[in-house]
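Colleague: I am new to this structure and would like a close look at a single part of it. Please take one helix and follow what surrounds it, step by step.

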Amino acid sequence: MARKPPRWYFSFRSPYSWLAYRDLMDHHPDVADTLQWRPFWEPEPAMADVLAEAGGDFPYVPMSREKHRYILQDVRRLAADRGLSFAWPVDRAPRWEVAHLGYLVAADRGLAREYVAEVYRARWELGLDISDPLTITTIAAELDTDPRGLADAVDDPAIRERGLAALLDISQDGVFGVPFFATGFDKFWGLDRLPAFIDTLRATAYPTTPAEAHTPALAATGDLGHAGGCG
């Protein structure tokens, strides 16, 4: 069986995923270049139904108010340790598919990294609502790309099909939270597992040439867990 390439599942919803992204880009850009970047998000009911019909599932456990308060404190500490500005966003009517399906379009345009950087900045540094297509429109302007097809990716049937393929990847890889790293069949969950993941990559001498962007082919939130990972 062919060895699976190194990959990391990221979510714009998760503050720990944002911190893992910053650690990767700020301290390990060579490793970031070798990874397949795969989006992870909680599907809306309609997409969840389609996912189930396709034989996939998505783990979801509501987060308690106490855990939410703890994570707010924890992320503030972790951001401060990294010298990062931080603003906790208010999600009044979250639609995680808006930003995450937009990622697929941005990747098609060769703007995957730039899009990820701007969406993370909008949500976790500016406290903006990334479920609002107007926020994605503003990000498109920052990237000097047409907002059409990007801000409204959630309404494009073809992009939704690819979103389904991405969700099936999540299910088939056994991903239950983010940030989630994998190489071959070895898996690592949580911000605090990033160093071990990097050590494993280096120990196995995985090629450090840039990985091809992961674009899911067409295919027939969770409990925030411990302090290093989110659902």
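Modeller: Bear in mind that this is a predicted model. A good place to begin is helix α9, where the face turned away from the buried side carries the exposed residues Asp199 and Ala203. The buried residues of this helix, which spans residues 194-203, are Leu194, Phe197, Ile198, Thr200 and Leu201. Seen down the axis of α9, these buried residues fall within an arc of 160°, so they line one face of the helix. The general background is that an α-helix has 3.6 residues a turn, so residues three or four places apart point the same way.

What do the buried residues of α9 pack against? Their partners are β1 (7-10), α1 (15-27), α2 (29-32), β3 and β4. The last two of these elements pair with each other: strand β3, residues 180-183, and strand β4, residues 186-189, run in the antiparallel sense and are joined over four bridges. Within this pairing, Phe180 stands opposite Trp189 in β4. The hairpin that β3 and β4 form has two residues between the strands, and in it Gly184 takes a positive phi near 60°.

From the helix, Phe197 leads on to an aromatic cluster, which Phe197 forms together with Trp8, Phe10, Phe12, Tyr21, Trp37, Tyr103, Tyr115, Tyr120, Phe181 and Phe188. The structure as a whole holds 21 aromatic pairs. In one of them, the rings of Phe12 and Tyr115 have their centres 6.0 Å apart and their planes at 75°, so the pair is edge-to-face. This pair links distant parts of the chain, since Phe12 sits in the loop between β1 and α1, whereas Tyr115 belongs to helix α6 (residues 112-125), 103 residues apart. Both Phe12 and Tyr115 are buried.

Helix α6 also takes part in another aromatic pair, that of Trp88 and Trp124, which is edge-to-face with 5.4 Å centre to centre and 70° between the planes. Trp88 lies in the loop between α4 (65-81) and α5 (96-108), and Trp124 in helix α6, so this pair ties together parts that are 36 residues apart in sequence. As for their surroundings, Trp124 is buried, with a relative accessible area of 1%, whereas Trp88, at 23% relative accessibility, counts as partly exposed.

Note on methods
Residues numbered from 1 in each chain as written. Predicted model: local features only at pLDDT ≥ 70, side-chain atom pairs only at ≥ 80, totals over all residues. Heavy atoms only, no water. Pairing = 2+ DSSP bridges. Buried < 20%, exposed > 50% of the residue type's maximum accessible area, 1.4 Å probe, protein only. Arc of directions from axis to C-beta. Contact = heavy atoms within 4.5 Å. Phe/Tyr/Trp six-rings, centres within 6.5 Å; stacked < 30°, edge-to-face > 60°.
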